[in-house]
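Let's take a walk through this model, one stop at a time. Have the sequence and the 3D view open as you read.

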Amino acid sequence: MLEKLKGGEVMTPKPHAVAILRGFIGGALGILTLLVITQWGGTLAIMAPFGATCVLLFAVPKSPLAQPRSVIGGHFISSFIGVLFINLFSNGIIPIAVGTSIALMQLLRVVHAPAGANPILIMMSGITNYSFLITPVLIGSVLLVIVALIVNNIGIETRWPNYWLGYHFDMGKRIKKSKKE
């Protein structure tokens, strides 16, 4: 057992200055967008897990956890579970809500680590209204994906996302991706 704890992989290389700048700009612009919509639009568009979403979107955009499907679907599914569970069982079942969220994200192939915090946030805050799924969850996650589409595609050598719904679209033809996704 102790042998396993040593690890065995090498640390990822230090990112280039452009990648660090993209992370800074993307994270700042993403959160600023949500704050502006919240302030000027009069509707809540931000929640704490979106900060962690920005880390994935702008620091490791090629990760499966940083793809639009996972960002939007993961936040929506885990938030739905949070609101459903608080309405059905009250706050004492937070661990089961988190576990259920993780299992559903895995089953639906929309795993997004920051979304694992959503049931905790919802249940500890006492949020029982299903409208929370629209704003801030859906609106906020879609806006972050839009910002990522802009920021992560600046430059000739960048391309994001890797996929949308699990299919690659090429010149109007739908081509199935490998089962590795």
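## From the surface to the interior

Leucine 29 counts as partly exposed, because its relative accessibility is 36%, and partly exposed covers the range between 20% and 50%. Keep in mind that this is a predicted model. To find leucine 29, look in helix α2, which spans residues 17–41. Leu29 has company there: together with Leu21, Phe24, Ile25 and Leu32, Leu29 makes up a nonpolar patch on the surface. Taken together, these residues offer about 490 Å² of accessible area.

Next stop, the largest pocket. How much space lies in the largest pocket? About 470 Å³. Its lining takes in 19 residues, and those nearest the centre are Ala19, Arg22, Phe58, Ala59 and Pro61. Two elements, α2 and α3 (49–59), each give two or more residues to that lining. Of the contributions, the one from α2 has the largest share, with 5 residues. Sort the lining by class and you get 10 nonpolar residues, 5 polar and 4 charged.

Now for a residue that is out of reach of the probe. Alanine 148 has 0% relative accessibility, so it counts as buried; the cut-off for that label is under 20%. Alanine 148 belongs to helix α7, residues 134–151. Try drawing a line from alanine 148 to serine 70: the two are 78 residues apart in sequence, and their C-alpha atoms are 13 Å apart in space.

Key: Residues are numbered from 1 along each chain as its sequence is written. This is a predicted model: local features need pLDDT of at least 70, side-chain atom pairs count only at pLDDT 80 or more; totals for chains, interfaces and linings use all residues. Side-chain values use heavy atoms; hydrogens and water are left out. Patches are made of residues with over 30% relative accessible area and no salt bridge: like charges are joined within 9 Å, nonpolar side chains (Val, Leu, Ile, Met, Phe, Trp, Tyr) within 5 Å. Accessible areas come from the Shrake-Rupley method with a 1.4 Å probe; for residues, only the protein chains shown count as cover. A salt bridge is a side-chain nitrogen of Lys or Arg within 4 Å of a carboxyl oxygen of Asp or Glu. Helices (H or I, at least four residues) and strands (E, at least two) are DSSP runs, numbered from the N terminus. Buried means under 20% relative accessible area, exposed over 50%, partly exposed in between (1.4 Å probe, protein chains only). On a 1 Å grid over the protein atoms alone, a cavity is a set of points where a 1.4 Å probe fits but cannot get out, and a pocket is an open set with protein on both sides within 12 Å along at least five of seven lines; lining residues have an atom within 4 Å of a point. Grid points are joined across faces, edges and corners, and a volume is the space filled by probe spheres set on the points. Ala, Val, Leu, Ile, Met, Phe, Trp, Tyr, Cys and Pro count as nonpolar, Asp, Glu, Lys and Arg as charged, and the others, Gly among them, as polar.
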